[in-house]
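Q: Please take a close look at one part of this structure, the metal site, and set it within the chain as a whole.

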Amino acid sequence: MAAACPCGSGDAFAACCRPLLRGERDAATAGELMRSRYTAFVRRDEAYLLHTWSASTRPATVDTDGVTWLGLDVLATTGGQAADAVGTVTFAAHFRAEDPGRPDASQTLREHSSFAREEGRWVYVDGVHDS
Ligand SMILES: [Zn+2]
């Protein structure tokens, strides 16, 4: 049986985020890019995270250690479709910090992320966290 995609789409990884992470195609929408970036965090694919980060806000490095990702809920999207130049995605990502003092504590990161099209492809610009 094909492995389910970590992004929670319900599709097989091979038919969902894998072709994006491999650079075989670009995300068609901001929401698809956001899901593929979540999958890249799960798989600790730091090169993909940097590749899909806006040149205006991209950090020098990205650190994916120390966290086990448990699941993703996409809560809302605006714009981000094929005809748009910008878009937003609001999501909740569930994770467990690899903290020996709190081995079972799952936490939730809620973020309102902004995406834009740069040179024709969707990139992550920045995000605001809800507490
Ligand atoms: Zn996926």
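A: In this predicted model, it helps to begin with the chain as a whole: among contacts between residues at least 6 apart in sequence, 43% join residues at least 24 apart. The chain has three helices and four strands, and from the N terminus on these elements follow the order α-α-α-β-β-β-β. Its radius of gyration is 14 Å, which agrees with the value near 14 Å that a compact globule of 131 residues would have, and 35% of those 131 residues count as buried.

Turning to the metal site, the zinc ion has as its protein donors the SG atoms of C5, C7, C16 and C17, which lie 2.2 to 2.4 Å from the ion. The arrangement is tetrahedral because the four donor atoms subtend angles of 104 to 115° around the zinc ion, within the range of 85 to 135 degrees that this assignment requires of all angles. Along the sequence, the donor residues are spaced C-x1-C-x8-C-C. C5 and C17 both belong to the segment before helix 1 (18-21), so this pair ties together parts that are twelve residues apart in sequence. Both ends of that pair can also be described by their exposure: C5 has a relative accessible area of 5% and is therefore buried, while C17, with a relative accessible area of 2%, is likewise buried, the cut-off for this being under 20%.

As for the outer surface of the chain, the accessible area comes to about 7,200 Å², of which 50% belongs to carbon and sulfur atoms.

Terms used
Residues numbered from 1 in each chain as written. Predicted model: local features only at pLDDT ≥ 70, side-chain atom pairs only at ≥ 80, totals over all residues. Heavy atoms only, no water. Donors = N, O, S within 2.8 Å, 3.2 Å for Na, K, Ca; no water. Tetrahedral: all angles 85-135°; square planar, octahedral: opposite > 155°, others 65-115°. Helix = DSSP H or I, 4+ residues; strand = E, 2+ residues; numbered from the N terminus. Buried < 20%, exposed > 50% of the residue type's maximum accessible area, 1.4 Å probe, protein only. Rg over C-alpha atoms; globule rule 2.2 N^0.38 Å. Contact = heavy atoms within 4.5 Å. Areas by Shrake-Rupley, 256 points an atom, 1.4 Å probe, with all protein chains shown as cover.
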